[in-house]
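Here are my notes on the model you sent over. I've put them as numbered points so you can reply to each in turn.

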Amino acid sequence: LESESLEYLVSALIWSAGETPKGIANSEEEEERALLCLDLLISTTIRNRDRIELTWEKTFGHLKSLVDSATLLSPLVEKGVFGLLRICQRLVPYKEDVADELLRSLQLILKLDAKVADIL
């Protein structure tokens, strides 16, 4: 993909996921759609590691919104947390120029609600 197309893809995946207040979808269909979009977003970010600067800001913003609003554990919150870990695991050794920013993003996990963190 060209750079502009990649940026549009990331934006479209986030938009398609919809808003899930507190990380909990209103219906099973919404949850499945949000999970699929999140999985595609994480995979797209990892597979475009050479262009992380194009995808990271929006990807992290989406993950942050999921984790910040989580008061209960849901599959969406779980996938978001483990997706963030996966992104960092794959990209920190590869992209030294953004390693500090990626590692700082892990602080997001420390901000999880205590009930959610205990279950994870």
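**Notes, starting at P75**

1. Leaving aside residues up to four places away in sequence, P75 touches E31 and L35. Keep in mind that we're looking at a predicted model here.

2. Where does P75 sit? You'll find P75 in helix α4, which covers residues 75-91. L63 is 12 residues from P75 along the chain, and their C-alpha atoms are separated by 13 Å.

3. Buried, exposed or in between? P75 has a relative accessible area of 41%, so it counts as partly exposed, since that class lies between the 20% and 50% cut-offs.

4. Zooming out, the protein has seven helices and zero strands, so read from the N terminus the elements simply go α-α-α-α-α-α-α. Its radius of gyration is 14 Å, close to the 14 Å from the globule rule for 120 residues, so the protein is as compact as a globular protein of that length. Along the principal axes, the C-alpha atoms fill a box of roughly 35 × 30 × 15 Å.

5. On contacts: take the pairs in the protein that are at least 6 apart in sequence, and 76% of those contacts join residues at least 24 apart.

6. As for the surface, the protein exposes about 7,100 Å², with carbon and sulfur atoms supplying 51% of that area. Buried residues account for 38% of the 120 residues.

7. Last, the charges: the protein has 14 positive and 21 negative ones. The mean positions of these two sets are 3 Å apart.

Conventions:
Residues numbered from 1 in each chain as written. Predicted model: local features only at pLDDT ≥ 70, side-chain atom pairs only at ≥ 80, totals over all residues. Heavy atoms only, no water. Helix = DSSP H or I, 4+ residues; strand = E, 2+ residues; numbered from the N terminus. Rg over C-alpha atoms; globule rule 2.2 N^0.38 Å. Buried < 20%, exposed > 50% of the residue type's maximum accessible area, 1.4 Å probe, protein only. Contact = heavy atoms within 4.5 Å. Areas by Shrake-Rupley, 256 points an atom, 1.4 Å probe, with all protein chains shown as cover. Lys, Arg positive; Asp, Glu negative; His and termini not counted. Charge placed at Lys NZ, Arg CZ, Asp CG, Glu CD.
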